[in-house]
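Colleague: Before we begin, may I ask for the reasoning behind each term you use? I should like to see how a value is set against its definition.

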There are 2 protein chains.
Amino acid sequence: MSARVERKDAAEHRKLILQTAEKLFDDHGVNAVSMHQIAKTAGIGQGTLYRRYTHKGDLCLDLIQDFSHEFVEQIERYLKEHRELPAEERLGGVLDRWIDTIEKKSELIMTVEAHQLKGSEESRAATFFQSPLYQFVRDRMSELLTEIAKRRPDSAADPTLTAHSLICAMAPHGYFHMKHEKHFSTDQMKHNYRRLCRLPVSD
Amino acid sequence: MSARVERKDAAEHRKLILQTAEKLFDDHGVNAVSMHQIAKTAGIGQGTLYRRYTHKGDLCLDLIQDFSHEFVEQIERYLKEHRELPAEERLGGVLDRWIDTIEKKSELIMTVEAHQLKGSEESRAATFFQSPLYQFVRDRMSELLTEIAKRRPDSAADPTLTAHSLICAMAPHGYFHMKHEKHFSTDQMKHNYRRLCRLPVSD
DNA sequence: GAGCTAAACGGACAATTGTCCGTTTTCATT
DNA sequence: AATGAAAACGGACAATTGTCCGTTTAGCTC
């Protein structure tokens, strides 16, 4: 078997890069850190960094990836523990947790998205929409929407497209724009997105 | 009155820049054209270009601006001529036309958005969400949603947030991602967004 | 129309992103 | 352990973005 095993030095560099980037991003903010700075701090060459990550968005996507396991487990636990709740309520729970994630990781997500938009068409680079994290939330939302539609089939829209649209509507830039314009708290935003989905709210 | 009149040479340059940029963008695509190239082609200095437009996104926003009058008139005419139709149908009409606009101007819009995402927080630069075009569609959608909600007030969400969310969900990158993944035609996309809003569809 | 000042100009310069390619290292084979 | 090829390295280089600042010009005042 022609095993495609990652070379040892390469594997070490991968970890080193991610750790270095995370530290620098935490200290100075994602935007303030350059790729050159990351390479220099990690003690590797510019070329080494760029071969592994074709641009900053790519690197950020990998950091999100790292973090996403946490989110996935959180959601899976939540859904398991609240299996008996109506699907409407569970969807609300997923939305709330997704919003918390957006707030925490907005800088990384925005950086990923910025690079998606730059790369015209063909670019082979990974995009947020292909990331396991996006796939995961979309699939969970989609399942719940399907379950909801089964019980009240008032001409429900395609669940995948609905879930996708929700995720787009909650993307950091649009999310914060509304939040600031309306002077909403995070809880108010959560409340409003529930209403947007016509979910029961407690007001 | 301390009239802030734009100097004649400046006004001429503004037009020259927009025309040059539009031409170059049409010929080579927005992404393939650099600011340097625009300045050189227009026969002006780099500094002159950058003082008027702090970055490429800014320039694109102005091009969209130029174009948006056309869209605004189209929508106003449509709404006037179909005043008697139910608000649901009129909203559908606005969505259709907005989708056509997205498809036509996606490159410009994506470039504007890419720069919004880069600029961290404070940057004074104009964003798409502050553009008259965005304001216009959002307001029209919002009005129609309010009208719809009046007749069937099944716990309708905030119309502004709903309109904003719709616009975000239809932003080029997310729009095309769905379109390509599902192999949808433009008409199918229109159809699906109508269903998303729970509007009557003709299937 | 001479003089003045604020605005506008433009090109050099700095910073950042992204690429290229000659050199080094790993590791499978012998 | 020696060998060799694929993979990885790294720093110089090219391209693009964005800034700075000394110079020019429009258009007002006298």
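Modeller: Let us start with nearness to DNA: a residue is near a strand if one of its heavy atoms lies within 4 Å of it. Please keep in mind that this is a predicted model.

Colleague: Which parts of DNA strand C come within 4 Å of the protein, and in what share?

Modeller: Sugar or phosphate accounts for 60% of those atoms of DNA strand C, and the rest belong to bases. There are 22 residues around DNA strand C, and A:S34, A:Y50, B:R7, B:H13 and B:G47 come nearest.

Colleague: How do you know that B:G47 is in polar contact with a base oxygen of DNA strand C?

Modeller: The cut-off for a pair of N or O atoms is 3.5 Å. A backbone N or O atom of B:G47 lies 3.1 Å from a base oxygen of DNA strand C, so the pair qualifies as a polar contact. Two phosphate oxygens can be treated in the same manner: one is 3.0 Å from a backbone N or O atom of A:M35, and one is 3.3 Å from a polar backbone atom of B:G45.

Colleague: Which elements supply the surface near DNA strand C?

Modeller: Two or more residues each come from α1 and α3 of chain A and from α1 and α3 of chain B. The most come from α3(B), which gives five residues. By class, this surface has four nonpolar, 10 polar and eight charged residues.

Colleague: What makes A:T48 and A:R52 partners of DNA strand D in polar contact?

Modeller: Here too the limit is 3.5 Å between N or O atoms. A polar side-chain atom of A:T48 is 3.1 Å from a phosphate oxygen of DNA strand D, and for A:R52 the corresponding distance is 3.2 Å. Both values fall within the limit, so both are polar contacts. A:G47 uses a polar backbone atom instead, which is 3.1 Å from a base oxygen of DNA strand D.

Colleague: Which residues come nearest to DNA strand D?

Modeller: They are A:R7, A:H13, A:G45, A:G47 and B:S34, out of 23 residues around DNA strand D. Of the atoms of DNA strand D that come within 4 Å of the protein, 62% are accounted for by sugar and phosphate. The largest share of the surface near DNA strand D comes from α3(A), with five residues. That surface divides into four nonpolar, 10 polar and nine charged residues.

Colleague: Let us turn to the protein itself. How is chain A divided?

Modeller: Chain A has domain 1, residues 1-52, and domain 2, residues 55-196. Their C-alpha centres lie 27 Å apart. The contact between them takes 15 residues from domain 1 of chain A and 11 residues from domain 2 of chain A.

Colleague: Why is the pair of A:R14 and A:D62 called a salt bridge?

Modeller: The rule asks for a side-chain nitrogen of Lys or Arg within 4 Å of a carboxyl oxygen of Asp or Glu. In A:R14 and A:D62 the closest N and O atoms are 3.7 Å apart, so the pair meets the rule. The rule finds one salt bridge across this interface of domain 1 and domain 2 of chain A.

Colleague: What area is buried between the two domains of chain A?

Modeller: It is about 980 Å², with 67% given by carbon and sulfur atoms. A:L18, A:V30 and A:M35 supply 50% of the area that domain 1 of chain A buries against domain 2 of chain A, more than any other three residues.

Colleague: What area do chain B and chain A bury between them?

Modeller: They bury about 3,600 Å², 60% of it on carbon and sulfur atoms. Of the area that chain B buries against chain A, B:L117, B:L161 and B:R198 supply 19%, more than any other three residues. The contact takes 36 residues from each of the two chains.

Colleague: How do you know that B:R138 and A:E181 form a salt bridge?

Modeller: Their closest N and O atoms are 2.8 Å apart, and the cut-off is 4 Å; therefore the pair is counted as a salt bridge. Between chain B and chain A the count is four salt bridges, and there are nine residue pairs in polar contact.

Definitions and conventions: Residues numbered from 1 in each chain as written. Chains lettered and ligands numbered in written order. Predicted model: local features only at pLDDT ≥ 70, side-chain atom pairs only at ≥ 80, totals over all residues. Heavy atoms only, no water. Domains from an automatic or database assignment. Contact = heavy atoms within 4.5 Å. Buried area = accessible area lost by both parts, 1.4 Å probe. Polar contact = N/O pair within 3.5 Å; in protein donor to acceptor, adjacent residues only side chain to side chain. Helix = DSSP H or I, 4+ residues; strand = E, 2+ residues; numbered from the N terminus. Nonpolar A, V, L, I, M, F, W, Y, C, P; charged D, E, K, R; others polar.
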